[in-house]
Amino acid sequence: MAITKATASSVAPAAKGDLVVGSATNDASVLAVGTDTHVLTADSTTATGLKWAATGSAGALVLVKTQTIGTTVASVNVTSAFSSTYDNYIVTIDFNTTSTQSYIKLTLGATATGYYGNGFYMNPSSATVHAYNTSNQTSMFTGYFSTDGGNHIYKFMAPNKAKKTVVFTESSAFESITGNMSYLTYWVDTTTQYTDFTITPNSGTLTGGTIRVYGLVNS
Amino acid sequence: MKIQIDDQIIEANEEQIAHIEKIRLQPSIDDQIAAREATRKSALAKLVALGLTEDEIAAL
């Protein structure tokens, strides 16, 4: 069917990724390119009947970012991890090797105060559960790693919203040490809207491994 | 000291080094663990001194 109302100039794409779509009978308009990783979906409430949206239905995980850890680095700052697209995020970290057995201190943005938390940790050689609590610290202790690595998972609740961020952490190190595994919960005493986080080993350096950031689809 | 920002690995400047040192300066988790273990052992010793058996202590 011929388009009679729109002219070539009025529907000319302005940028890479823009789409020319039908907006009414014999009419067309330009739909600007969406956010990276977003997909096109139908929405009868928009002018074009289409919109860009995060993939997956409510509750689905969408990979936001993958970051490889470099060689002998004293900290890793992951930027553009959080945005208004999702309320909550899950971060997985597979540590490869480290210069010494130590543990991770996690910070959000430039905040270096006001971290409160508690939880517990254990040693695989003992059934003893060690309680842990801390208040108004410069960072969050999120778990150990040994020289041959370890795995951590962090769940960030509302890091980019104007409310206090809560972080749930789980960790396991490949070594029989106290703190080999931990389950800890933190909150940050500020309503700063964060877009990045940093992991810093308490001592030594990190070499290799992968950090993945997933957004939890709101709806 | 090298730090990583996304894919960039750079030599940390004075401000960045000071920030990392501040993060690392908070009370050591190892010290906290040791302190808790010392407290536990001290309490255990007091219970033994009171005449409790291992089974009685375990049942507490």
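**Core, sheets and chain contact in a predicted two-chain model**

The largest nonpolar core comprises 37 residues. Val76(A), Val91(A), Ile211(A) and Val213(A) have the most contacts inside this core. The model is a predicted one. Val213(A) illustrates the packing around one of these residues. Leaving aside residues up to four places away in sequence, Val213(A) touches Val64(A), Lys65(A), Val78(A), Ala81(A), Tyr89(A) and Val91(A).

Tyr89(A) also takes part in strand pairing. Strand E7 (residues 88–98) of chain A runs antiparallel to strand E16 (residues 206–216) of chain A, and 10 bridges join the two. Within E16(A), Gly215(A) is the bridge partner of Tyr89(A). E7(A) pairs with strand E12 (residues 150–157) of chain A as well, again in the antiparallel sense, over eight bridges. Here the bridge partner of Tyr89(A) in E12(A) is Phe156(A). Tyr89(A) thus has bridge partners in both E16(A) and E12(A).

Val76(A), another of the core residues with the most contacts, leads to the second chain. Its bridge partner in E1(B) is Gln4(B). Strand E6 (residues 76–78) of chain A and E1(B) run parallel and are joined by two bridges. This pairing belongs to an open sheet of six strands, in the order E11(A)-E8(A)-E15(A)-E6(A)-E1(B)-E2(B). The pairing in the sheet is mixed. Strand E11 (140–145) of chain A and strand E2 (8–11) of chain B each have a single partner strand and stand at the edges, so one side of each lacks a neighbour in the sheet. On average, neighbouring strands of this sheet are turned by 25° against each other, direction ignored. At the chain A edge, strand E8 (residues 102–108) of chain A is joined to E11(A) by five bridges, and the two run antiparallel. Ser102(A) has Phe145(A) as its bridge partner in E11(A).

The contact between the chains involves 17 residues of chain B and 23 residues of chain A. On chain B, strand E1 (2–5), helix H1 (14–25) and helix H2 (29–49) each supply at least two residues of the side that touches chain A. H1(B) gives the largest share, five residues. By residue class, this side of chain B divides into nine nonpolar, three polar and five charged residues. E1(B) therefore both supplies residues to this side and pairs with E6(A).

Chain A itself is divided into domain 1 (1–53) and domain 2 (61–216). The C-alpha centres of these two domains of chain A lie 42 Å apart.

Notes: Residues are numbered from 1 along each chain as its sequence is written. Chains are lettered from A and ligands numbered from 1 in the order in which they are written. This is a predicted model: local features need pLDDT of at least 70, side-chain atom pairs count only at pLDDT 80 or more; totals for chains, interfaces and linings use all residues. Two residues are in contact if their C-beta atoms, placed from the backbone, lie within 7 Å. Helices (H or I, at least four residues) and strands (E, at least two) are DSSP runs, numbered from the N terminus. Ala, Val, Leu, Ile, Met, Phe, Trp, Tyr, Cys and Pro count as nonpolar, Asp, Glu, Lys and Arg as charged, and the others, Gly among them, as polar. Two strands pair if DSSP finds at least two bridges between them. Domain bounds come from an automatic or database domain assignment. A nonpolar core is a set of buried Ala, Val, Leu, Ile, Met, Phe, Trp, Tyr and Cys residues joined through C-beta atoms within 7 Å. A residue is buried if 20 or more other C-beta atoms lie within 10 Å of its own, exposed if 12 or fewer, and partly exposed in between; C-beta atoms are placed from the backbone. Axes are lines fitted to C-alpha atoms, for helices over the stretch in contact, and angles run from 0 to 180 degrees between N-to-C directions.
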